[in-house]
Amino acid sequence: MDPTKSEHVEHLVNFALRPDGEERKACLTLDPNGFFIRHPPTPHHLASFITPDEQLFQTIHLGAAVIDTNRYSITVDGLEAPTTGLTAFHECYGSPLKPPTENVWRIGNVEWTGVSLRILLDIAQPHPEARFVWSEGLDFGEFAGVTTDRYQKDLPIVKALSPEVLLAYEMNGEPLSKNRGGPVRLIVPGWFGTNSTKWLCRLSLQNSRAPGPFTTKFYNEQDPKESDGRMRPVWMVEPNSVIVSPCSGAQLTGSLVIVHGWAWSDDEIKLVQIRVDESETWVEANVESRQDFSWQRFSTMVTLSPGTHRVIARATSSAGVKQPISGRRNHVHSIDFEVLG
Ligand SMILES: Nc1nc2c(c(=O)[nH]1)N[C@H]1C(S)=C(S)[C@@H](COP(=O)(O)O)O[C@H]1N2
Ligand SMILES: [Mo]
């Protein structure tokens, strides 16, 4: 990509994020100040096909802006690229330092507002050899004994071009806070939180995976589908679920118990089953359809005798992938509670 074009794209990232007039602070002074005109030479002197700068007239109405190039940017706003709002679950993979054998349910579901990364990539026009989009955050420092000058992630170009991937500047209708990654962060719906780079400052089209520690040393795991110990990046979220009710340790009156919670995955959840105690049979819960990349509510009612009980919920994705019962970071949730006699 030629340098003028790449600068152009970077400047476009301002959208309407900056307060009106912020871009004007790049003007230090006017010199000359006031109306200035430089007349062209008489026609007789306009002999060359290309007019040299010294011969080309200048017309300045108010003065010539002296610009601090470090603060210079072009803000595009008004009737520009459509903003996208979507609902998506937001899940942390868990510690990249521990084997992924336990569910941490670091999960929520929120609304993001932003501009599709695709719109910027369309302007940048990826070279056919570009296979990844690297994203970089303004943070730097040390994690688990590894020092890095930046937080850097990557996305395969196909995901990067999917309309749901956003440069987000609002969450739940409010500007992104500092800790949330404001003013702008990447959001990669359906993929683990680690891919959603906060304090976004650079996007780079590349033909290989990013070399930083957060794509090499951290956030790769053994592919449970392969027997040869092959590694895969921490990208797509596998089926997972959480039981909201009953609460662990609850003491309930009445034999009818509503079991409900949330289930999610990169692809839509098509089935959630509930198992009570050590029963051989699974009860199929009602599962609401998903909005965008949201989590999905499941609920069902079970009739229970007085005494202590355990319910577990297991989600299955549209692709037919089931939550494991144990031993993986997305194993089923299990709740113990009591029905009072
Ligand atoms: N720049 C930057 N982006 C980042 C991180 C980070 O440390 N630095 N953490 C990632 C991880 S592991 C997760 S789970 C999400 C968490 O986003 P949240 O804090 O808004 O929930 O941000 C991701 N983006
Ligand atoms: Mo995370």
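Modeller: Ala, Val, Leu, Ile, Met, Phe, Trp, Tyr, Cys and Pro are counted as nonpolar, Asp, Glu, Lys and Arg as charged, and the others, including Gly, as polar. This is a predicted model, with pLDDT of at least 70 needed for local features and 80 or more for side-chain atom pairs, while totals for chains, interfaces and linings use all residues. Residues count from 1 along each chain as written, chains are lettered from A and ligands numbered from 1 in written order, and side-chain values use heavy atoms, without hydrogens and water.

Colleague: Thanks! How many residues of the shell around ligand 1 are charged?

Modeller: Happy to help. His-90, Asp-139, Arg-180, Arg-185 and Lys-198 come nearest among the 13 residues around ligand 1 (a heavy atom within 4 Å). The shell has four nonpolar and five polar residues, and its charged residues number four.

Colleague: How far is the side chain of Lys-198 from an oxygen atom of ligand 1?

Modeller: Polar contacts here are N or O pairs within 3.5 Å. The backbone of Ser-196 places a polar atom 3.0 Å from a ligand 1 nitrogen. From the side chain of His-90, a polar atom is 2.7 Å from a ligand 1 oxygen. For an N or O atom in the Lys-198 side chain, the distance to a ligand 1 oxygen is 2.6 Å.

Colleague: And how much of ligand 1 does the protein bury?

Modeller: Areas follow the Shrake-Rupley method with a 1.4 Å probe. Ligand 1 on its own exposes 540 Å², and the part of this that the protein buries is 80%.

Terms used:
Polar contact = N/O pair within 3.5 Å; in protein donor to acceptor, adjacent residues only side chain to side chain.
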